[in-house]
Amino acid sequence: MNPTTSGPRSARSTVAALPATAADHARPHRPQVEISDVQYNSPGRDDRSNRSLNKEWVELTNTTRNTVNLDGWTLRDESGHTYTFDHYRLAGRATVRIHTGKGRDTRTDLYQDRRAYVWNNDHDTATLRNDHGRFVDDQSWGQRRDGHR
């Protein structure tokens, strides 16, 4: 019996080789930069101290080997609080945390310089967009009262 047929009524199966660009469309797209973790519920008391605010953060990871220029990219919550990256480059395979409170920016830690919490503990969505406003990645948690994420 021919391995491409299983009996008298079966049709022959043909596999066509597609160019790499056409084959790539079948796979889900993995962004160059992704939201890799979110600490939306600051550990300890929510006393709005800078220390507590900075324990609330979003982590971004560059999944490629190349540096990505994040200048003009935005990180936003469902309520519209928006952080815009200013002159920041994320090295290949590197991770950066964007803290809610005040602090001194470094290669691994950026600060929104806010005096109030951004990320809701019960539900929210962190959305990352590039400098053209195009969606890059998001991460949601909890459930809204209407039952949707």
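Strands β9 (123-129) and β10 (135-142) form a hairpin with five residues between them, and Gly133 in the turn has a positive phi of about 80°. Strands here are DSSP runs of E of at least two residues, numbered from the N terminus. The model is a predicted one, in which local features need pLDDT of at least 70 and side-chain atom pairs count only at pLDDT 80 or more, while totals for chains, interfaces and linings use all residues. Residues are numbered from 1 along each chain as its sequence is written, and side-chain values use heavy atoms, with hydrogens and water left out.

The two arms of the hairpin pair in the antiparallel sense over seven bridges; strands count as paired if DSSP finds at least two bridges between them. One of these bridges is made by Thr127, whose partner in β10 is Asp138. Strand β9 also has β4 (residues 74-76) as a partner, and three bridges join these antiparallel strands. Here Leu75 is matched with Leu128 of β9. Six of the seven residues of β9 are buried, so that the strand is mostly covered; buried means under 20% relative accessible area, exposed over 50% and partly exposed in between, with a 1.4 Å probe and protein chains only.

Attention can now turn to the interior. The largest nonpolar core holds 22 residues, and Leu60, Leu70 and Phe85 touch the most other members. Such a core is a set of buried Ala, Val, Leu, Ile, Met, Phe, Trp, Tyr and Cys residues joined through side-chain atoms within 4.5 Å. Two or more residues come from each of β1 (33-39), β2 (57-62), β7 (95-99), β9 and β10, and β1 gives the most, with three residues. In soluble globular proteins, nonpolar side chains tend to be buried together. Residues up to four places away in sequence aside, Phe85 touches Leu60, Leu70, Leu110 and Leu128, among others; contact means heavy atoms within 4.5 Å.

Aromatic rings offer another view of the structure, which holds three aromatic pairs. Rings of Phe, Tyr and Trp (its six-membered ring) pair if their centres lie within 6.5 Å, and planes under 30 degrees apart count as stacked, over 60 as edge-to-face and the rest as tilted. Tyr83 and Phe85 make an edge-to-face pair, because their ring centres are 5.0 Å apart and their planes stand at 80°. Both Tyr83 and Phe85 are buried. For Trp119 and Trp141, the centres are 6.1 Å apart and the planes at 65°, so this pair is edge-to-face too. It links distant parts of the chain, with Trp119 in the loop between β8 (109-111) and β9 and Trp141 in strand β10, 22 residues apart. Trp119 and Trp141 are both buried, and ring pairs link them with Tyr40 into a cluster.

How many salt bridges does a search of the whole structure find? There is one, formed by Glu59 and Arg97, whose closest N and O atoms are 2.9 Å apart. The term covers a side-chain nitrogen of Lys or Arg within 4 Å of a carboxyl oxygen of Asp or Glu. Glu59 lies in β2 and Arg97 in β7, so the pair ties together parts that are 38 residues apart in sequence. Glu59 is buried, with a relative accessible area of 14%, whereas Arg97 is partly exposed at 30%. Arg97 also lies over the face of Trp57, at 3.7 Å from the ring centre; this requires NZ of Lys or CZ of Arg within 6 Å of the ring centre and within 35 degrees of the ring normal.

Notes: Helices (H or I, at least four residues) and strands (E, at least two) are DSSP runs, numbered from the N terminus.
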